[in-house]
Amino acid sequence: PDDRSAIDRLRLQLTEMEAKAGLISDTPVRHPHSASEKFSSEKSLSHCTRLLRPNEALLSFHIGHKQSFLWALTSRGFEVHAVPGRDAVSDRIRRLRAALDSRSPKYPQIAKELHDLLFSRISERVRQTRDWILVLDDPLFDAPLAGLVASIRENAPEYLIERHSLRVLPSAVMLDSPASRLSTRAFVAVGDPELPRVGGIDIS
């Protein structure tokens, strides 16, 4: 009986964390830029994996006070990984933004540390997907994720955006929305070519 109660409590905790991460949605899903939403329970992990294309991965975070979790889903399955708690994540993000604002030469190494903190445990199957769909949780909304450094070779950083396209959704249930799908048609994008030097590196 004691073991059964413990298992039931763990299942309940997992369900609550999944709901907060947007992977299931019998409870309202809150997002800083939208009102609360309520969705049916069919928006489960297995349902989300069926909505993903072979070249896509959904990475959904739940940031807790003592411990956080990352759900990584592809069309072939899902995995769950522990991530440090809110204070550790927030501290790394503050350091990263300070290094970026001051154009510190230490930026690449600090950006690599935050990348590893968040993504070092995901499998090669997830890493090989081209398109990443991110469901973030406070404080990750303040993190310049595209500017994280995935690797440093011969003092040359490789940024996360060089490996993957990055798209943010308010919650995983938005995978079911036609508006969440990118057009497959070709397009031309024009941006400002004058970019600052970061860590002594000209990224323009």
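**Exercise 1. Find the residues that line the largest cavity, then sort them by character.**

Start with the lining: His115, Arg127, Trp132, Ala150, Leu160, Arg163 and His164 surround the largest cavity in this predicted model.

Next, sort them. Trp, Ala and Leu count as nonpolar, Arg as charged, and His falls among the polar residues. The lining therefore divides into three nonpolar, two polar and two charged residues.

Finally, add the volume. The largest cavity measures about 40 Å³, and the structure holds one cavity of 30 Å³ or more.

**Exercise 2. Decide whether Leu140 is buried or exposed, and name its contacts from elsewhere in the sequence.**

First, place the residue: Leu140 sits in the loop that runs between β6 (131-135) and β7 (149-153).

Now check its accessibility. The relative accessible area of Leu140 is 1%; buried means under 20%, so Leu140 is buried.

Then look for partners. Setting aside neighbours within four places in sequence, Leu140 touches Phe61, Ile63, Val89, Ile93 and Leu118. Take Phe61 from that list: Phe61 and Leu140 are 79 residues apart in sequence, yet their C-alpha atoms are 8.7 Å apart in space.

**Exercise 3. Work out where Glu56 lies and which backbone nitrogen its side chain meets.**

Begin with the strand: Glu56 belongs to β3, which covers residues 56-62.

Apply the accessibility test again. With a relative accessible area of 2%, Glu56 is buried.

Last, follow the side chain. One of its polar atoms lies 2.9 Å from the backbone nitrogen of Arg53. The cut-off for a polar contact is 3.5 Å, and the Arg53–Glu56 pair lies within it.

Key. Residues are numbered from 1 along each chain as its sequence is written. This is a predicted model: local features need pLDDT of at least 70, side-chain atom pairs count only at pLDDT 80 or more; totals for chains, interfaces and linings use all residues. Side-chain values use heavy atoms; hydrogens and water are left out. On a 1 Å grid over the protein atoms alone, a cavity is a set of points where a 1.4 Å probe fits but cannot get out, and a pocket is an open set with protein on both sides within 12 Å along at least five of seven lines; lining residues have an atom within 4 Å of a point. Grid points are joined across faces, edges and corners, and a volume is the space filled by probe spheres set on the points. Helices (H or I, at least four residues) and strands (E, at least two) are DSSP runs, numbered from the N terminus. Buried means under 20% relative accessible area, exposed over 50%, partly exposed in between (1.4 Å probe, protein chains only). Contact means heavy atoms within 4.5 Å. A polar contact is a pair of N or O atoms within 3.5 Å; within protein, one must be able to donate a hydrogen and the other to accept it, and residues adjacent in sequence count only if both atoms are side-chain atoms.
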